[in-house]
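Biologist: I should like a close look at a single part of this chain, namely its salt bridges. Please describe which side chains take part and where they lie.

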Amino acid sequence: GVDDVSDPTPTLPSQGRWASAIEGSFVVDLRDDVVNPTRGGLGSVNLEVNEDVLSDIAFARAEGGWTQLFPVAGLSVLLRARGGAAFVPEQGLALPIEDRLRAGGGGSFRGFDVDTVGPANYVSGEYVRYPEALDPLLRWFDRDAAGRWVPTGGDALAVGTAELNVPFPRLGLSSWSSWQLALFTDVGNVWWLNPDIITDSMATGADPLLRYGLGVGIRRATPIGPLQLDLGLNPSPLDYRGEEVVRVHFAVGAL
């Protein structure tokens, strides 16, 4: 499991938790255009420290990233790197679930669903303990429900992306001047570096060191930012988790 509790079975509603933190962010924007950039870079660093006076769990967390755009022979290249790490000083405690590092989905790992990259725990259909009055009815509805793998997030993250954008006029479509074809690849993973944390997938040795994704998409410049439609491919899906080979992601206004 990934929590410091004697009974690993969660209950609803869950207990609250006090949190108090000092947080700081630093952003550098060197792009030539904020809405539809074609060159330049955008970077950010975020530092957070949860102290142990008012917070139930003390920890430190750092996350940062850089995106660089530059033209090459009439084409556009995008390189992006994102990383982070967190540390919980008290032995036996895990990083709070809402503060864990995650990857997957549009703008991150496009061959995967949102936040599904990294370690996971197997959860059966009867894992959650419901209020007693509802238990018979819910058990009946869940009588044929199979177990599922639930990503836990982690305390370390590294993701890299390379993307090549080809203007449609370079493909002979001269009337589609605001459109581009995108070819991309993503690589990285989410990990637990805390030696006290062992998830089900880690215990079975089923967690790959790195995950890979690739795909194709289209881009169009709009007044509110680029429109993006991506078809992401997962070339090595984990069958035991039921991962899909193809994922579709749509976004507007993202770099």
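Modeller: In this predicted model, R82 and E63 form a salt bridge, with 2.9 Å between the closest N and O atoms. The pair links distant parts of the chain, since R82 belongs to strand β4 (residues 75-87) and E63 to strand β3 (residues 59-72), 19 residues apart. The two partners fall into separate classes of exposure. R82 has a relative accessibility of 28% and therefore counts as partly exposed. E63, by contrast, has a relative accessible area of 19% and is therefore buried, because the class of buried residues is reserved for values under 20%.

A second salt bridge brings together the side chains of D207 and R241, at 3.0 Å from N to O. D207 lies in the loop between α2 (200-203) and β9 (211-220), and R241 in the loop between β10 and β11, so this salt bridge ties together parts that are 34 residues apart in sequence. Here D207 is the partly exposed partner, because its relative accessible area is 24%. R241 has a relative accessibility of 15% and so counts as buried.

A third salt bridge joins D230 to R219, and its closest N and O atoms are 2.7 Å apart. This pair too links distant parts of the chain: D230 is in strand β10 and R219 in strand β9, 11 residues apart. Both D230 and R219 are buried. These two residues also belong to a network of salt bridges, in which they are linked with R110, E163 and D186. The count of salt bridges comes to 12.

Strand β10 also has a part in a nonpolar patch on the surface. β10 (227-233) and β11 (246-252) each supply at least two residues of that patch, and β11 provides its largest share, four residues. The members are L183, V216, I224, L229, L231, V245, V246, V248, F250 and V252, with about 860 Å² of accessible area together. One of them, L231, has its place in strand β10; its relative accessibility is 35%, so L231 counts as partly exposed. Strand β10 thus holds the buried D230 as well as the partly exposed L231.

For a view of another strand, one may turn to β1 (residues 21-29), which is hardly covered: the count of buried residues among its nine residues is zero. β1 pairs with strand β2 (residues 40-50) in the antiparallel sense, over nine bridges. Within this pairing, A21 has N50 of β2 as its bridge partner.

How values were computed:
Residues numbered from 1 in each chain as written. Predicted model: local features only at pLDDT ≥ 70, side-chain atom pairs only at ≥ 80, totals over all residues. Heavy atoms only, no water. Buried < 20%, exposed > 50% of the residue type's maximum accessible area, 1.4 Å probe, protein only. Pairing = 2+ DSSP bridges. Patch = residues over 30% accessible without salt bridge, like charges linked within 9 Å, V, L, I, M, F, W, Y side chains within 5 Å. Areas by Shrake-Rupley, 256 points an atom, 1.4 Å probe, with all protein chains shown as cover. Salt bridge = Lys/Arg side-chain N within 4 Å of Asp/Glu carboxyl O.
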